[in-house]
Structures are given as C-alpha cells and as structure tokens.
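Welcome to a short tour, and please have your viewer ready. We will move from one selection to the next, with a word on what to look for at each stop.

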Amino acid sequence: MESAAETSTPTSTPTSTPRIAGAHYPVAVVGGGQAGLSVSHCLGRRGIEHVVIEARRVGHEWRERRWDSFCLVTPNWQCDLPGFPYRGPDPDGFMVREEIVRFLEDYAASFGPPLAEGVRVTRLRRAASGTFELATTAGDLTADQVVVATGPYHAPAVPRLAERLPAEITQIHSSHYRRPERLPEGAVLVIGTGQSGCQIAEDLHLAGRRVHLAVGSAPRVARFYRGRDCVAWLHDMGHYARSIDEFDDADAVRLRANHYVTGRDGGRDIDLRAFARDGMRLYGRLTGVTGTTLEFADDLRDNLDRADAVAEGIKDAIDAYIAARGIDAPSEPRYVPVWEPGEPVRTLDLAAAGITSVVWATGFTRDHRWIEIPAFDGRGYPMHWRGVTNCPGLYFLGLPWQHTWGSGRFEAVGRDAEFLAGHIEASRRLADVCGALTGAPAELSPALPVG
C-alpha cells in the first residue's frame with residue numbers, strides 16, 4: 001500500500017542501533033509503539049538526545065495480538081501522530097491490521113528514531129543521586145529521565161473460572177485469536193462484549209460458526225447517524241477534547257469500557273440483538289462452572305437495554321448539537337430493537353451445545369513489576385497528572401484517559417507526547433540552572449518537575 005501519511009523532515013537518521021550496555025542518555029523511552037515513537041519525534045525536534053527501547057519491533061502489538069480481520073474502529077483521519085498526519089486515500093475509512101502496522105513502520109522511517117529493537121527492560125529503579133538505572137536484556141544503562149510508553153495492556157486477563165472448564169475444551173484469550181479456521185470444528189463460546197468480544201463474535205458468526213456469547217455491560221454506539229460517522233459528530237462537539245479533570249470521578253471514567261462498534265467493510269453498527277435474531281445464542285454474564293455446565297446471571301435484558309440506551313443518548317446529544325447550530329443534516333429514524341430475550345437462560349451444557357472452544361475476551365491487566373519506584377496507587381495504577389508522576393523525571397505515556405479520551409489512541413497520543421516533551425525540556429533546563437548555582441556538574445543534577 002502507499003504511505004498513509006506525508007513524510008516529515010527527519011529530525012535524526014541513526015545509521016546503527018543505539019548503544020545500550022554502559023550507556024547514559026538524557027532520556028530513555030521504554031516502548032516503541034505509537035506512544036514511544038511520538039515522544040521520540042517530539043524530543044528529537046527539540047534536540048534532546050534519547051534512546052527508544054522496544055522489547056520486540058515496531059508494530060508488534062498490532063501485528064501479533066490482533067486477529068486477521070481486525071481494523072480500526074475510529075476513522076483514519078483521527079490517526080494524527082506528531083509530524084505524520086494521515087494523508088492516505090481513504091480518510092473516512094478504517095485501516096486494517098496490515099495497514100496499521102505499515103503506518104507505524106512508515107512513521108518510524110520518516111524521522112529515524114534512535115530505536116533499539118529486541119531489547120526488553122527488566123528493571124527500572126532510581127539511584128540516590130536521582131539518576132535512573134535500567135537493566136535490560138542487552139545490558140544496563142542509565143538516564144536522567146524516563147518515559148514509560150508501554151501502554152496498559154500487558155498481560156491477558158483470564159478469570160480463575162477458566163481453570164474449571166473441561167480439559168477437552170480449547171481455550172484462548174482474544175489476543176491469541178486469529179481466524180475461525182484455527183479453532184477446532186464445533187460451536188464457540190465467546191465471553192465478553194467489549195470491542196474485541198463483539199468483533200470476534202461477529203467474525204465467527206460471518207464465517208458460519210455457531211456462536212454463543214456471554215454479554216457484559218459494555219455500551220455501544222451507532223456507526224453513522226444523520227449523514228455522518230458518529231465519531232465525526234462527537235469530534236465537532238468537543239467530546240474527545242474533554243479533559244479527565246472535568247469529571248467528578250476520574251477513576252470511574254478511566255475504568256469505563258469502550259463502546260462497541262466496527263469499521264469492518266466500511267463501518268457499521270454491532271447489534272447483538274441482530275446477531276441473536278440471526279442465530280447467535282446470547283446469555284448474561286458468566287458466573288460459574290460446574291463440570292460441563294456453565295451458569296449465567298439474569299442480566300442479559302438489562303445489559304442489552306443499557307447498551308441501546310447509551311447509543312440513543314449519544315444520538316440525543318447529536319440532535320441537540322444539530323438543532324442548536326442550525327445544521328442542515330438529514331433526519332433519521334431511531335433504532336427499534338429487532339430481538340428481545342425470552343425467558344432467561346441461566347445454564348448451558350457445553351457438551352450438549354457442541355461447544356469445543358472458548359474465547360476469553362476479558363481484557364488485560366497491567367504489569368509494572370519491573371518498575372521498582374513508588375509511583376503507583378494501591379491498585380497498581382500509575383499516580384500521575386497528564387503523565388507526570390510524583391517521582392521527578394519519571395513519566396507515563398499512552399494510558400487510556402491519560403488526559404483526554406484519545407490519550408491511548410492515535411487520535412491524541414501525539415498531543416500528550418508533545419506535552420511531556422515540553423515538560424522534559426523544561427526540567428532539563430531547570431536541572432542545568434540548579435547545577436550551575438550549586439557548582440554541581442549538570443549531568444548529576446536531578447531532573448526536577450516544573451508547573
């Protein structure tokens with residue numbers, strides 16, 4: 001495919017892998033995905049020497065932990081990395097997996113980051129002097145400041161209930177699902193209805209597999225409404241620019257499940273009721289396993305109703321926005337449910353239903369055990385404001401709702417990277433001033449927070 005973005009003027013063009021063992025850098029960036037590359041671009045533009053350490057290679061998460069038919073659920077025009085906005089032929093389309101990988105590879109090639117691939121950081125700690133010490137699989141190095149850009153999705157989260165399923169049932173996490181043909185013949189149970197669960201259930205359904213789906217509480221959104229993608233309406237309404245600081249309960253906002261929708265085949269709604277109408281079997285939340293029998297909560301109707309209510313509430317907000325501004329937009333009838341649950345189905349016998357596989361679409365957990373710095377709350381979440389922690393010189397980038405809705409996505413990670421790069425630059429200047437005033441060498445002056 002052609003490059004999806006205009007090539008920016010390179011800020012540096014390294015000809016070899018950066019030195020790791022025994023090296024010292026003003027800034028070390030851990031993670032070479034969209035977040036790490038974005039802050040590298042911003043640091044390079046400021047002339048700040050740094051290294052980007054990537055455990056595998058650019059695009060790994062998209063290349064290896066997404067299924068074959070995966071595509072973005074946000075339009076391509078929202079892919080806006082520093083110096084590399086989307087400039088491809090289909091701004092209103094949705095890049096598929098291979099195109100996303102190519103987009104990131106092209107981004108890295110556009111400015112030549114100081115990138116060390118295939119190197120894993122195994123420990124990060126801070127010395128008494130304020131210098132950060134990083135142990136890696138390629139040797140140890142030190143840095144004045146560190147940006148952790150590894151994202152929030154580290155380890156697949158599979159509930160302990162999985163241990164009680166019969167041994168003959170094939171079990172995989174959504175991150176290991178690739179395509180229907182890789183699963184054994186027979187029916188498939190998908191557990192979880194976030195973005196991954198709904199899209200994998202659809203993928204199996206479209207392939208003609210008998211699908212059973214345990215429905216959770218994730219909300220949904222319509223793909224299009226009144227002539228435009230709902231994302232475009234919400235963007236114009238300022239929805240994606242709202243700061244986490246504007247909400248009364250920031251923790252609750254950060255824990256919200258994403259709305260399920262799809263960009264497949266040009267984009268469309270994901271309507272679980274329509275799946276049920278067409279033969280998919282829906283249940284409430286999985287609550288127990290006894291032998292070959294699964295038990296479900298009596299919450300299917302409530303979960304479907306709440307998801308629809310969120311989608312219709314978004315349409316209400318769009319209607320109000322259109323009316324307030326006198327926008328000429330086509331009218332559109334509201335959604336009418338195409339299927340309603342009957343009597344609650346509280347149990348399912350795997351053998352009787354012919355189920356041979358279970359896909360756990362139950363999300364991920366964070367794993368920051370390699371960071372030996374007290375920068376986390378009691379749940380293991382980084383304590384930060386816009387990525388700046390209470391440990392001078394330590395930053396996080398690419399977290400969901402780090403500052404706005406798009407912080408963990410292509411849409412706004414670049415703005416967060418720009419903010420942190422500015423903070424890092426100011427901290428370096430302050431450290432230089434402090435070193436000059438005290439007579440200490442500048443490289444020994446700890447990076448101090450500002451603002």
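## First stop: helix 1

Select residues 34-45, which form helix 1: at 1.5 Å a residue, its twelve residues should span 16 Å, and the 17 Å between its end C-alpha atoms agrees with that. Bear in mind throughout that this is a predicted model.

Now turn on the surroundings of the helix. Eleven of the twelve residues of helix 1 are buried, so the helix is largely enclosed by the rest of the structure. Which residues of helix 1 are buried? They are Gln34, Ala35, Gly36, Leu37, Ser38, Val39, Ser40, His41, Cys42, Leu43 and Gly44. Step past the end of the helix to glycine 47, which follows helix 1 and has a positive phi, near 75°.

## Zoom out: the whole chain

Reset the view and colour by secondary structure: the protein chain has ten helices and 23 strands. Its radius of gyration is 24 Å, close to the 22 Å that the globule rule gives for 451 residues, so the chain is as compact as a globular protein of that length. Along the principal axes, the C-alpha atoms fill a box of roughly 80 × 60 × 45 Å.

Two more values are useful if you like contact maps and surfaces. Among contacts in the chain with a separation of 6 or more, 70% are between residues 24 or more positions apart. The accessible surface comes to about 19800 Å², and carbon and sulfur atoms hold 51% of it. Buried residues make up 53% of the 451 residues.

## Next selection: a three-stranded sheet

Select strands 16, 17 and 18, which form an open sheet in the order 16-17-18 with antiparallel pairing. Strand 16 (286-290) and strand 18 (347-349) stand at the edges with a single partner strand each, so one side of each has no neighbour in the sheet. On average, neighbouring strands here are turned by 20° against each other, direction ignored.

Look closer at the pair of strand 17 (residues 293-296) and strand 18: three bridges join these antiparallel strands. Which residue of strand 18 does leucine 294 stand opposite? That partner is leucine 348.

## Two helix residues to compare

Pick leucine 206, found in helix 4 (residues 195-206). Its relative accessible area is 48%, so leucine 206 counts as partly exposed. Beyond its neighbours within four places in sequence, leucine 206 is in contact with Arg264 and Arg268. To try your distance tool, pick asparagine 76 as well: leucine 206 and asparagine 76 are 130 residues apart in sequence and 24 Å apart in space, C-alpha to C-alpha.

Then move to lysine 315 in helix 8 (residues 300-325). Is lysine 315 buried or exposed? Lysine 315 is buried, with a relative accessible area of 5%. Setting aside neighbours within four places in sequence, its contacts are Ala222, Tyr225, Arg334 and Tyr335.

## Last stop: two arginines in loops

Most residues other than glycine have a negative phi. With that in mind, select arginine 226, whose phi is positive at about 50°. Arginine 226 lies in the loop between strand 13 (224-225) and strand 14 (228-229), and it is buried, with a relative accessible area of 16%.

Finish at arginine 386, where phi is again positive, near 55°. This arginine 386 lies in the loop between strand 21 (384-385) and strand 22 (388-389).

Key. Residues are numbered from 1 along each chain as its sequence is written. This is a predicted model: local features need pLDDT of at least 70, side-chain atom pairs count only at pLDDT 80 or more; totals for chains, interfaces and linings use all residues. Side-chain values use heavy atoms; hydrogens and water are left out. Two strands pair if DSSP finds at least two bridges between them. Helices (H or I, at least four residues) and strands (E, at least two) are DSSP runs, numbered from the N terminus. Axes are lines fitted to C-alpha atoms, for helices over the stretch in contact, and angles run from 0 to 180 degrees between N-to-C directions. Buried means under 20% relative accessible area, exposed over 50%, partly exposed in between (1.4 Å probe, protein chains only). Contact means heavy atoms within 4.5 Å. The radius of gyration is taken over C-alpha atoms; the globule rule is 2.2 Å times the number of residues to the power 0.38. Accessible areas come from the Shrake-Rupley method with a 1.4 Å probe; for residues, only the protein chains shown count as cover. The expected span of a helix is 1.5 Å times one less than its number of residues.
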